Structure formats: C-alpha cells, structure tokens
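Biologist: Could you take a close look at one part of this model for me, the buried helix and the loop that leads into it, and then set that part in its surroundings? I would like one connected account rather than a list.

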Amino acid sequence: MRRAVITAVGAYLPEKRLTNADLEKLVETSDEWIVERTGIRERRILGRGKGSAYMAIKAAEEALRKRGLPAEEIDLVIVATVTPEHPFPATANIVANAIGAHRAWGFDLEAACSSFLYGLSIAADSIAAGRVERALVIGSDKMSSIIDYRDRATCVLFGDGAGAVLLEPTTEDVGVMDYLHQADGSGCAYLHMKAGGSVLPPSVRTVRERLHYVYQEGRQVFKHAVVQMAAVSEALMQKHGLTAEDIAFFVPHQANRRIIEAAAERLRFPMEKVMINIERYGNTTSATLPLCLYDYESQLKKGDNLILATFGGGFTWGALWLRWGY
Ligand code: UT7
C-alpha cells in the first residue's frame, strides 16, 4: 500500500521575542494572568518589511537541506496560512519560486488554525493516489500583522513562526495512516476578522474602527476546542482500535495550555506524552503542529504512533493518525 510519510521537518522562528513583561507595558495585564490562564511566557515577532513567505522559505529550505533533496524534486507546495504574503497570488507560488521548486504546482490553504493539518491531509492523499511524488506542506503565520496590541484578550495569545514538512511516498507501514476532519460555519461569529475581505474591503473607516484584527470571543472558542479536539481524536482512535497506550505522542494545536491539558485528560494521555511548546511561541496558528514535530524530532523513533489534533476558526477541527517514518 502506498502512503505519504514525513521524511524531514524544518522551522523558522524570528529572533525578536515579545515577553509577558513587554506586554505588561502595552496593555493592562500581568505575567501571572497570562501564564496561569494560557501557559504562554513569550512569543516571536517577525517585524516590519517581511511576511509569511520569508518564514515559509526558511522552514522549507531547512527541511530540504536536512533530507539532502534538491528543490526541483518537489511536485507540490502547500502553504497553510491565515496571513498570506498578499491576498493573491498564493504565498505557495512565491515560496516555490524562491526555493527553486520550479516543477511544483501549489496553493495556499486557509482553514484558520486547522490549515496545516488539512494541508497535510490533502498532500498525503495526492501522494497516496500516485498523482504527486514529493510535497512540501508549510504552516507559516505572521500573526503579529493581524493582532491588535491594544486588545489584551488576544494580543497575549499569538506569535509568528513557520514549520515545514517534506512528504514522500512509502510502501512501508508508516506515514499518514488516516484522518477525520470536521467544520461548522456557525462558529464564524466567535472568531474572525471583520474587514479586509470582499464583504468589507479596506477603507479609512475600517482602519479607523480597527476592524483588520483578530476578533475572538475566547470563552466560546475555548469550550468548543476542548470538546471537539478530544471527540475527534477519540473517534479516530476508536476507528482503528487504538488506545492511549498505543500512542507515543499526542500533538495538539497550541492555543492555550489549559485547552491542551483538558483535551489530553479526556483522552487519558499523561502529560509526558503530550507535545507542548506554547510557553515559548504562543499560538502561531498554522505553524503550531510542525513546530511541535520539529522540537520533539529527536525524541521520535520509526514506527511511533502520533495523533495530531487541531481546532480553530470556522470552526474547523480534526485529527490525524501519523506513524513516524525515521
Ligand atoms: O487557535 C484558535 C483558537 N483559539 C483558542 O483556542 C483560544 C480559546 N480561548 C482562550 O484561550 C481563553 O478563553 C482566553 C485565554 C482567550 C481567555 O481566558 P479566559 O479564562 O476564558 O478568560 P475570559 O475571557 O473569561 O476573561 C476573564 C477575565 C475578564 O475580566 P472580567 O470580565 O472577569 O473582569 C477579562 O477581561 O480576564 C480578563 N482578561 C485579562 N486580564 C488580564 C482577558 N484578557 C486578559 C489579560 N490580562 N490579557
């Protein structure tokens, strides 16, 4: 049976750190509140003049370098992002050109925080079907470009970063085994950006009214995130007769440490089996899952079962069973 397997992981994190102490100077908040309510201590910030393509290129180049694969071997580039370089063309096209993936086709995939997992699923299916040999799936978000640093409820949560995975075909019993994804558009009310799209294009009024930023009703999102991320992971595991003992690591989207802990508890995963790096990067949206794989790469062995899970705006959510390939 032909499947897609991850053969390399790359990452890019901007050097500039935004700490809780820095945020205390911007809004009415405290290190204590942020750590207790979110688990975040600092995030990375890309700064002006560079966008999500810059970080995606760096992450993709590292993945290719680690595998020793020339970019011309890549057939498909998917960039998962809610903060594309431009509204169009796709950031994926800019990235493919910059890294020298001149044979590749590609596109951006936007499903809020679930973008990376959905992109990984689509790329894996294309490889399994024999349509594509090698694909790069890159999650890259410059969240600082859409965060209102006057809104204490959102500005403490998000950071910038990128992670990339290289996917190749295999006939071994490893790789992307299965996934279950879901969406519910009624969740739009609780997490969205009001202006900048076709219904409310940018204008002096939309800028003046600060409508180009992330709007979130945190409590609603929190509740749904815990329930759905656990339920979809449970359903996927049940479908394949997997229990928590069979899983080496649970890899959840990093939005809030309390969401991660509550979902892990429902799934009966001890915290030492849960990948977590939110403390250092905050919520990097499309980059959280590949950044987890990158940070824990040295702890993974061939054949390890991982359950990746996500929840985000839309609402979108899902889980993917991955068997590590190296
Ligand atoms: O990745 C996309 C998906 N996003 C998520 O999964 C995020 C989900 N939501 C959350 O993580 C949490 O809901 C938040 C971290 C956003 C908020 O935590 P919470 O425990 O749900 O707090 P809350 O919104 O219920 O607010 C509690 C209090 C409020 O004050 P009052 O009304 O009780 O006086 C807020 O104004 O905390 C206040 N508050 C803050 N205080 C200090 C909100 N943000 C801050 C802050 N510093 N940064």
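Modeller: What follows starts at the helix, moves back into the loop before it, and then widens to the core, the domains and the ligand.

The model is a predicted one, and the values below are computed from its coordinates. Helix H11 spans residues 288–296, and because seven of its nine residues are buried, the helix is largely enclosed by the rest of the structure. The buried positions are Thr288, Leu289, Pro290, Leu291, Cys292, Leu293 and Tyr296. The cover over these residues is drawn from several elements, including strand S1 (3–12), helix H5 (115–128), strand S7 (160–170), strand S11 (249–252), helix H10 (278–281) and strand S12 (305–312).

The loop between H10 and H11 holds Thr285 and also Ser286. Thr285 has a phi near 55 degrees, a positive value in a residue other than glycine, and with a relative accessible area of 3% Thr285 is buried. Ser286 is buried as well, with a relative accessible area of 0%. Leaving out residues up to four places away in sequence, Ser286 touches Ala80, Thr81, Val82, Ala112, Ser115, Phe116, Gly139, Ser140 and Asp141. A polar atom of the Ser286 side chain lies 3.4 Å from the backbone oxygen of Ala80. Leu117 is 169 residues away from Ser286 along the chain, yet 8.4 Å separate the C-alpha atoms of the two.

One of the residues touched by Ser286 is Ala112, which has its own backbone feature: a positive phi of about 50 degrees, although Ala112 is not a glycine. Ala112 is found in the loop between strand S5 (105–109) and H5, and at 14% relative accessibility Ala112 counts as buried.

Strand S12, which is among the elements that cover H11, also contains Asn305. At 10% relative accessibility, Asn305 counts as buried, and its side chain is joined to that of Trp321 by a polar contact of 2.9 Å. Apart from neighbours within four places in sequence, Asn305 is in contact with Asp246, Ile247, Ala248, Phe249, Trp321, Leu322 and Arg323. Beyond the end of S12, in the loop between S12 and strand S13 (316–323), lies Phe315, which is joined to Gly314 by a cis peptide bond with omega of about -5 degrees. A cis peptide bond also joins Phe88 and Pro89, here with omega of about 0 degrees, and Pro89 sits in the loop between strand S4 (76–80) and helix H4 (91–99).

From here the view can widen to the nonpolar packing. The largest nonpolar core has 78 residues, and Leu167, Phe250, Phe269 and Leu306 touch the most other members. Helix H8 (residues 218–239) gives the largest share of this core, eight residues. Because domain 1 (3–172) and domain 2 (177–323) both give residues to this core, the core lies between them. As for Phe250, its contacts beyond four places in sequence are Ser233, Ala263, Ala264, Leu267, Phe269, Lys273, Val274, Met275, Ile307 and Ala309. Another core, of 28 residues, lies apart from the largest one, and its members include Met55, Ala56, Val77 and Ala90.

The centres of domain 1 and domain 2, taken over C-alpha atoms, are separated by 14 Å, and the contact between the domains takes 52 residues from domain 1 and 45 residues from domain 2.

Finally, there is the ligand. It is surrounded by 22 residues, of which Thr29, Arg37, Arg219, Asn256 and Asn283 are the closest. H8, already named for its share of the largest core, also supplies the largest share of the shell around the ligand, four residues. Helix H2 (31–38), helix H6 (152–155), H8 and helix H9 (257–266) each supply at least two residues of that shell. Two arginines are paired with oxygen on the ligand: an N or O atom in the side chain of Arg219 is 2.4 Å from a ligand oxygen atom, and for Arg258 the corresponding distance is 2.9 Å. A nitrogen atom of the ligand, in turn, lies 3.5 Å from a polar side-chain atom of Trp33. Taken alone, the ligand exposes 950 Å², and the protein buries 75% of that.

Definitions and conventions: Residues numbered from 1 in each chain as written. Predicted model: local features only at pLDDT ≥ 70, side-chain atom pairs only at ≥ 80, totals over all residues. Heavy atoms only, no water. Core = buried A, V, L, I, M, F, W, Y, C linked by side-chain atoms within 4.5 Å. Buried < 20%, exposed > 50% of the residue type's maximum accessible area, 1.4 Å probe, protein only. Domains from an automatic or database assignment. Contact = heavy atoms within 4.5 Å. Near = heavy atom within 4 Å. Polar contact = N/O pair within 3.5 Å; in protein donor to acceptor, adjacent residues only side chain to side chain. Areas by Shrake-Rupley, 256 points an atom, 1.4 Å probe, with all protein chains shown as cover.
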